[in-house]
Amino acid sequence: YQFDDARGDDKYMIRAEEMVQAEVLTVQCYDAVEFPVPNAKQKLGRSALREYVEVSDQHMVEARGLVEEQADLDRAAGLSLLTDLEESVASVTEQLPRQFLFVPSARSFVDASTASDRQKLASLRFEFGYLCDSLTKYGKKAQRLEKKVGVLTKGLAGHNERYCREMVDLHDDVRARREQEACFRMLEGHEVKAVPQRLGSLSSEVAELAEREARLQERFAELQASLQ
């Protein structure tokens with residue numbers, strides 16, 4: 001039987017149900033013969049298993065593969081049907097407000113193509129009022145949530161502000177230290193360049209003082225000789 005080509009035909013479904021029932025009956029007979037109930041009044045013999053056929057492991061693997069393949073096909077078909085249904089519902093939901101208008105005076109929906117200008121204006125006013133009420137409602141709800149969040153995160157906000165101030169202070173301190181380091185590096189460079197010049201100046205001053213001391217010593221010796 002080709003069930004894929006005959007879906008929807010009652011006779012194939014009836015035949016399939018009869019085959020399933022026959023298979024269930026055969027399995028029950030097999031269980032009654034192979035695993036009889038103790039002290040049973042009526043027991044079945046091996047002759048009741050004429051229609052039972054032992055299935056090999058290879059056939060079980062093939063049957064399991066066929067079942068899984070059919071399950072995948074049914075699952076894919078179900079997902080496709082669900083997607084199409086969702087798209088249809090979304091399309092209808094989107095088109096309904098365009099096709100029908102709610103008239104507050106009549107408290108009913110009318111076809112947009114047959115509605116008068118007065119009815120269209122009344123419908124738009126009603127919809128605008130409904131949107132304003134919804135906006136007010138959700139705005140109040142958002143305010144309540146904001147207050148609740150403020151209460152829950154008050155301590156966290158205080159810690160956050162303190163940490164931010166500390167980070168700013170640390171950033172300013174690091175920047176000041178870097179500026180000081182740059183100044184010291186610049187002064188160090190100038191000092192390194194000035195060291196040879198200063199050494200030369202000091203060497204000249206020492207030589208001049210040594211020469212002056214030598215002249216003074218000679219002058220002192222002359223004066224001391226003249227006094228004697």
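**A mostly helical chain, question by question**

Biologist: What share of the 228 residues in the protein chain counts as buried?
Modeller: Keep in mind that we're looking at a predicted model. A residue goes into the buried group if its relative accessible area is under 20%. Of the 228 residues of the protein chain, the share that makes it is 6%.

Biologist: In what order do the elements of the protein chain run from the N terminus?
Modeller: Start with the parts list, which is four helices and two strands. Now walk along the chain from the N terminus, and the strands turn up with helices on either side. Written out, the order is α-α-β-β-α-α.

Biologist: Among contacts between residues at least 6 apart in sequence, how many in percent join residues at least 24 apart?
Modeller: Here a contact means heavy atoms within 4.5 Å. Take the contacts in the protein chain between residues at least 6 apart, and ask which of them join residues at least 24 apart. That share is 12%.

Biologist: How much of the accessible surface of the protein chain belongs to carbon and sulfur atoms?
Modeller: The whole accessible surface comes to about 20,900 Å². Carbon and sulfur atoms account for a part of that, namely 58%.

Biologist: In which sense do strands β1 and β2 pair, parallel or antiparallel?
Modeller: β1 covers residues 100-103 and β2 covers residues 108-111, and four bridges link them. Look at who faces whom: L101 stands opposite V110, while V103 stands opposite S108. So as you go up in number along β1, the partners in β2 go down, and the sense is antiparallel.

Biologist: Which residue in the turn of that hairpin has a positive phi?
Modeller: β1 and β2 form a hairpin with four residues between them. One residue in that turn has a phi of about 50°, and its name is R107.

Biologist: Is S123 buried or exposed?
Modeller: You'll find S123 in helix α3, which spans residues 117-152. Leaving aside neighbours within four places in sequence, S123 is in contact with L101, F102 and P104. Its relative accessible area is 5%, and the cut-off is under 20%, so S123 is buried.

Biologist: How many square ångströms does the nonpolar surface patch with L79, L82, L85 and V89 cover?
Modeller: Let's pick one member, L82, which is found in helix α2 (residues 57-99). At 43% relative accessibility, L82 counts as partly exposed, and patch members need over 30%. Together with L79, L85 and V89, L82 makes a patch of about 370 Å².

Biologist: How many disulfides does the structure hold?
Modeller: A disulfide is a covalent bond between the sulfur atoms of two cysteines. There are cysteines to look at, including C132, which is partly exposed at 30%, and C183, which is partly exposed at 42%. Two sulfur atoms would have to lie within 2.5 Å to be counted, and the number of disulfides is zero.

Biologist: Which three residues are linked in a network of salt bridges?
Modeller: A search of the whole structure finds nine salt bridges. In one, R185 meets E181 at 3.7 Å, N to O, and in another, E188 meets R185 at 3.8 Å. R185 takes part in both pairs, so they join up. The network is made of E181, R185 and E188.

Biologist: Why are E188 and R185 separated by about one helical turn, and which helix holds them?
Modeller: The pair is three residues apart in the helix, and that's why the separation is about one turn. R185 and E181 are four residues apart, again about one turn. The helix that holds E188 and R185 is α4.

Biologist: Of E181, R185 and E188, which one counts as exposed?
Modeller: The cut-off for exposed is over 50% relative accessible area. E181 has 43%, so it is partly exposed, and E188 is partly exposed at 43% as well. At 54%, the exposed one is R185.

Biologist: With which residue does E222 form a salt bridge?
Modeller: The partner sits three residues away in helix α4, which means about one helical turn of separation. The partner is partly exposed, with a relative accessible area of 49%. The closest N and O atoms are 3.8 Å apart, and the partner is R219.

Methods: Residues are numbered from 1 along each chain as its sequence is written. This is a predicted model: local features need pLDDT of at least 70, side-chain atom pairs count only at pLDDT 80 or more; totals for chains, interfaces and linings use all residues. Side-chain values use heavy atoms; hydrogens and water are left out. Two strands pair if DSSP finds at least two bridges between them. Patches are made of residues with over 30% relative accessible area and no salt bridge: like charges are joined within 9 Å, nonpolar side chains (Val, Leu, Ile, Met, Phe, Trp, Tyr) within 5 Å. Accessible areas come from the Shrake-Rupley method with a 1.4 Å probe; for residues, only the protein chains shown count as cover. A salt bridge is a side-chain nitrogen of Lys or Arg within 4 Å of a carboxyl oxygen of Asp or Glu. Buried means under 20% relative accessible area, exposed over 50%, partly exposed in between (1.4 Å probe, protein chains only).
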